[in-house]
Structures are given as structure tokens and as C-alpha cells.
Amino acid sequence: MTQAQYDEIAEWYDEQVRTTLGPFHALAIGALLDLAGDVRGLEVCDLACGQGILSRELARRGANVAGVDISERLLTLARQHGDAATAAITYRHDDAQSLTTLPDASFDLVTCNLALMDIPDLPAVCAAVRRVLRPGGAFVFSITHPCTLSPSSKWTTEAEGGPGSHVRGYFEEGYAVPPHAPGVRGRVGTHHRTLATYLNTLTDTGLQLHRLAEPRASGDAAERQPAAVEVPAFLVARCVAS
């Protein structure tokens, strides 16, 4: 198992999720939970769970949650957070590209919040997700929007003709460290893929697209980034195992 990039910034990232990034995670997680639907009593794998922000919300909604991440330091932080309602979450150290600790057809739902861009091998992730899902189970995930937030893109202000997003390099797939993203992406980079690559990979691995969402920023998220009111920062999808 490879060394996790997030091990080096785990405490910083945890603080960011609980403060600066909170409104944006809330925007993505809200749309993800809407597409997930009623999770009460479901067996749920929260893929690349990080410090457990989504795992805890799923548990509070009545799901039986297994949180999986490649970063041991983030898993340590995840175990330290939570309350009585989230104490039963099982956190596992595993690679999303293989999920070797998880048996076949063992989950009703797999979730992944803002993490597929961290993982090099998308086909391997989708194949692993399909393997651990029961027939008819769902894969619900959020990603930074590939059409508006390619690595060379940048948010624009009113003085630059915005607010909005100036997009460049959309067709240039691969790993990059975005020059205009000083936060998380500026530290760990991103594996950029076109929308077609995402959708075709899902289909090729037996995960059929069911529904999409592009949440519009409001409240604190809109205050922090007005451009996200005009163009979507996130793409959220629900796929069903065929």
C-alpha cells in the first residue's frame, strides 16, 4: 500500500474541514445525501472517508458505516471525532483501488465525498466499488466539477468579468498541482479527468448512471466564493450496480 499524501498534512486538513472548508463540504455532502436517500439500516462503505465527516453523518442517519481510507493519520483523527451516535463506525485502513479488506457484495451503498480526484486509478476504484456492492446497490459520490475546475482554471472576480470560472486545459487529463488553488489541491494535487472519462469508466465497470446534481452555493459557501453561485463547484452522481 502506497504512502498516503494526506498523512503529511492530516492535522492541517482536519482543521480545514472543520473551519475554512466546512461550508463547501456541507454543500457537497448535502447534495450527496439527497441522492443517497434513506440510509437507515443500510450497510454503507464510505470510501476515502478522511477524517470521517461524511461517515459520521451517515451513522447519525441510521446507517451501519465502514469508513475506509489509505491515510492512517486521518483514520486516527476520525476515531477521535464523533459522539454516541457515531461510536459504532468501523474505520479500516485500505486502498480504494483494491478494497482488499472488504468481501464481495457486502454493501448496499458506497459513498465517496470529494476524493476520487485524489486517486490515480479510476477504473480500479470503480471495479472495487462494483465488487463490494450488492446487486442493485448504489454508488453515490461527489467530485470537484471537472468542467469548471480543471487544474489550469481559476475563479474570476467582477473585475475579471466574473464572478465565474475561467476554464483552461479541460482536455488535459492526468495529475497536476493547480497553480490557482493554494488550499488542499495546492498541497496534494488532483487527478483531472473529463466528464466523459468519468461516465464511461463507471459504465464500463457495471455502474449505471441514475442521477446527477450540481449544487449551487448559498449562505456561507456563497460568501466565501461568490463565483460558486454562478457556476457549479461540484458534481454529484448516483450510480446503480447492474
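Let me start with helix H1, residues 10–18, where Arg18 and Glu15 sit three residues apart, about one turn of the helix, and where, in this predicted model, the two form a salt bridge with their closest N and O atoms 3.2 Å apart. Arg18 is partly exposed, with a relative accessible area of 48%, and Glu15 is likewise counted as partly exposed, at 37%.

That pair belongs to a wider set, since a search of the whole structure finds eleven salt bridges. Arg40 and Asp38 meet through their side chains at 2.7 Å, N to O, and both of these residues are exposed. A further salt bridge, at 3.0 Å, links the side chains of Arg134 and Asp108; Arg134 lies in strand S5 and Asp108 in strand S4, so this pair ties together parts that are 26 residues apart in sequence. Here Arg134 is partly exposed at 31% relative accessible area, and Asp108 is partly exposed at 24%. There is also a network, in which salt bridges with shared partners join Glu57, Arg60, Arg61 and Asp83.

Staying with those two strands, S4, residues 107–113, runs parallel to S5 and is joined to it by six bridges, and one of the pairings puts Val110 opposite Phe139 as its bridge partner in S5. Strand S5 covers residues 133–144, and nine of its twelve residues are buried, so the strand is largely enclosed by the rest of the structure.

Phe139 brings me to the largest nonpolar core, which has 42 residues, and in which Leu47, Leu116, Phe139, Phe141 and Leu207 touch the most other members. Helix H5, residues 122–132, gives the most to this core, with six residues. Apart from that core lies another, of 22 residues, including Ile29 and Ala36.

Those last two residues are also among the buried positions of helix H2, which runs from residue 22 to 36 and reaches 20 Å from its first C-alpha to its last, close to the 21 Å expected. H2 is mostly covered, with twelve of its 15 residues buried, and just after the helix Gly37 takes a positive phi of about 75°.

I will finish with Arg56, in helix H3, residues 53–60. Which side chain of opposite charge is nearest to Arg56? That is Asp14, at 5.8 Å, and Arg56, although buried, has no salt bridge. Leaving aside residues up to four places away in sequence, Arg56 touches Gln51, Ala78, His81, Gly82, Thr86, Ile89 and Tyr91.

Methods. Residues are numbered from 1 along each chain as its sequence is written. This is a predicted model: local features need pLDDT of at least 70, side-chain atom pairs count only at pLDDT 80 or more; totals for chains, interfaces and linings use all residues. Side-chain values use heavy atoms; hydrogens and water are left out. Helices (H or I, at least four residues) and strands (E, at least two) are DSSP runs, numbered from the N terminus. Buried means under 20% relative accessible area, exposed over 50%, partly exposed in between (1.4 Å probe, protein chains only). Lys and Arg count as positive and Asp and Glu as negative; His and the chain ends are not counted. A salt bridge is a side-chain nitrogen of Lys or Arg within 4 Å of a carboxyl oxygen of Asp or Glu. Contact means heavy atoms within 4.5 Å. The expected span of a helix is 1.5 Å times one less than its number of residues. A nonpolar core is a set of buried Ala, Val, Leu, Ile, Met, Phe, Trp, Tyr and Cys residues joined through side-chain atoms within 4.5 Å. Two strands pair if DSSP finds at least two bridges between them.
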